Protein chains: 2
Amino acid sequence: MSDDVLDRLFSFLSQYISLDIKEIEVLTKLDLIRKYEKGESILRMGEMTQESYFLLQGLVRSYYLIKGEEHITEFYEELAGWTPQCAVNGKASDYFIDCLEPSFVLVSTPDISEDFFKEHPKFEKLCRILSDKWMADQNRSFDNYKNSSPEDRYRQLVEMKPGLVQRVPQYQLASYLGIKPESLSRIRKRISEGRS
Amino acid sequence: MSDDVLDRLFSFLSQYISLDIKEIEVLTKLDLIRKYEKGESILRMGEMTQESYFLLQGLVRSYYLIKGEEHITEFYEELAGWTPQCAVNGKASDYFIDCLEPSFVLVSTPDISEDFFKEHPKFEKLCRILSDKWMADQNRSFDNYKNSSPEDRYRQLVEMKPGLVQRVPQYQLASYLGIKPESLSRIRKRISEGRS
């Protein structure tokens, strides 16, 4: 495992809680970080998992396959965490999660969390606080999506996730925004010409 | 405080964790349940709060006011919990939360939670698990909204929240579904006539 990736984890955690040498050792030994290649699946439609994910490096998307067409519902950038719906509702996943770039993902399960949190309750508190934060972020994205025109959705995306626009092909951004690639081209052209 | 409402809380909690007499006493004494009248605001645009909410009885909505028009983004039914975006991002709220029916809401703050969880760590675990569940539910609603036609959105709403359709005026349901009231009338007529 790359030390860079572990460093990124510890540096993220230490923004919220103090970490001692013992805790760093325990976390390192737990060996929770998985490497995925570009294009590799984390979860496929029809599969089930109990895993939760926290992206340390790379870029991940979730998408549905509807009438043979990909409908992208989320991009996860570094330091985003999520639990797939199937891990909560116990049904097979009706969407895919895969990696758009080589990615390092911290993977945990309820069993691992339970044991670890019992010994280190401050991590449970941190996970609760992060869940609230991610839920509020998601809530904001949903509200923005509902209340905005496609052009405003694109502007908000550029504002909230400026790096994403550089890293993701246009047709995938269009899918995420719920518009046709041609419409996204027109929107980008209008914005670059300062016409709106 | 109505005993019914407290009973509802304890019966909900005991689905997840065992509760002893001492814990029931402590929770009761904390006096966290607030009563709201029909139409009363929980949070107004421009205000800030650190509070999180868990609805024990009643019906709550959140909405934006855009060009003088209400855009409803969420309905909370009994046993739903949420933390407003402003409590997480520290900015003034850009939306309203108010009660469509007389409501009893459990209200907590980071200070109250911190003290209580320190003494009763199993409640922290429960809150983390519930946050994950509510985040997955919200994630599912967002995915459905993005991937569906207005008619399918309405069908999913009837399936997922059958009681809501009876309790909420049509124009508010239409706002939540992102369509005009006339379009919702047409959809309901088509469905009731079995035409789709």
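**Entry 1: a term before I start**

I count a helix as a DSSP run of H or I with at least four residues and a strand as a run of E with at least two, both numbered from the N terminus. I also remind myself that this is a predicted model.

**Entry 2: getting to know chain A**

I began with chain A and its secondary structure, which comes to nine helices and eight strands. Its C-alpha atoms fill a box of roughly 55 × 35 × 30 Å along the principal axes. How much of chain A is buried? I find that 46% of its 196 residues count as buried. I then looked at contacts in chain A between residues at least 6 apart in sequence, and 72% of these join residues at least 24 apart.

**Entry 3: two copies**

Next I asked how chain A relates to chain B. A turn of 180° with a shift of 0.0 Å along the axis lays chain A on chain B, and the RMSD is 0.0 Å. I noted this down as the relation of a two-fold axis. The contact surface is shared too: 100% of the contact residues of chain A recur in chain B, so the same surface serves both copies. Which residue of chain A comes closest to the rotation axis? I get A:Arg128, whose C-alpha is at 2.3 Å.

**Entry 4: where the chains touch**

I looked up the interface itself. In chain A, 33 residues are in contact with 33 residues of chain B. The area buried between the two chains is about 3,600 Å², and carbon and sulfur atoms give 50% of it.

For the polar side of things, I found six salt bridges across the interface of chain A and chain B. I looked at A:Arg140, which forms a salt bridge with B:Asp94, with the closest N and O atoms 3.1 Å apart. I also noted 24 residue pairs in polar contact between the chains, both residues being at pLDDT 80 or more.

Which elements of chain A give two or more residues to the side that touches chain B? My list has β4 (60-66), β5 (69-76), α3 (85-89), α4 (110-119) and α5 of chain A. The most comes from α5(A), with 19 residues.

**Entry 5: salt bridges within a chain**

I count 32 salt bridges over all chains, and I picked out a few to look at.

In chain A, I went to A:Asp137 and A:Lys133, which form a salt bridge with the closest N and O atoms 3.0 Å apart. Both sit in helix α5 (residues 121-147) of chain A, and because they are four residues apart, about one helical turn separates them. I have A:Asp137 as partly exposed at a relative accessible area of 35%, and A:Lys133 is partly exposed as well, at 31%.

In chain B, the side chains of B:Arg155 and B:Glu151 meet in a salt bridge at 3.2 Å, N to O. This pair is also four residues apart, about one turn, in helix α6 (residues 150-160) of chain B. B:Arg155 is partly exposed at 32%, whereas B:Glu151 is buried at 12%.

I wanted a pair that joins separate elements, and I found one in B:Glu51 and B:Arg34, a salt bridge whose closest N and O atoms are 2.8 Å apart. B:Glu51 lies in the loop between β2 (41-43) and β3 (52-57) of chain B and B:Arg34 in strand β1 (residues 33-36), so the pair ties together parts that are 17 residues apart in sequence. B:Glu51 counts as buried at 16% relative accessibility, and B:Arg34 as partly exposed at 33%.

Back in chain A, I came across a network of salt bridges that links A:Glu77, A:Glu78, A:Glu101 and A:Arg167.

**Entry 6: cysteines**

A disulfide is a covalent bond between the sulfur atoms of two cysteines. How many disulfides are there over all chains? I get zero.

Why is A:Cys127 without a bond to the closest cysteine sulfur? That sulfur is in B:Cys127, 14 Å away, which is too far for a bond; the cut-off is 2.5 Å. A:Cys127 is partly exposed, with a relative accessible area of 29%.

I checked B:Cys99 too, and this residue is in no disulfide, with the nearest cysteine sulfur, that of B:Cys86, 15 Å away. I noted B:Cys99 as buried, at a relative accessible area of 1%.

Definitions and conventions
Residues numbered from 1 in each chain as written. Chains lettered and ligands numbered in written order. Predicted model: local features only at pLDDT ≥ 70, side-chain atom pairs only at ≥ 80, totals over all residues. Heavy atoms only, no water. Buried < 20%, exposed > 50% of the residue type's maximum accessible area, 1.4 Å probe, protein only. Salt bridge = Lys/Arg side-chain N within 4 Å of Asp/Glu carboxyl O. Least-squares fit on C-alpha atoms with pLDDT ≥ 70 in both. Contact = heavy atoms within 4.5 Å. Buried area = accessible area lost by both parts, 1.4 Å probe. Polar contact = N/O pair within 3.5 Å; in protein donor to acceptor, adjacent residues only side chain to side chain.
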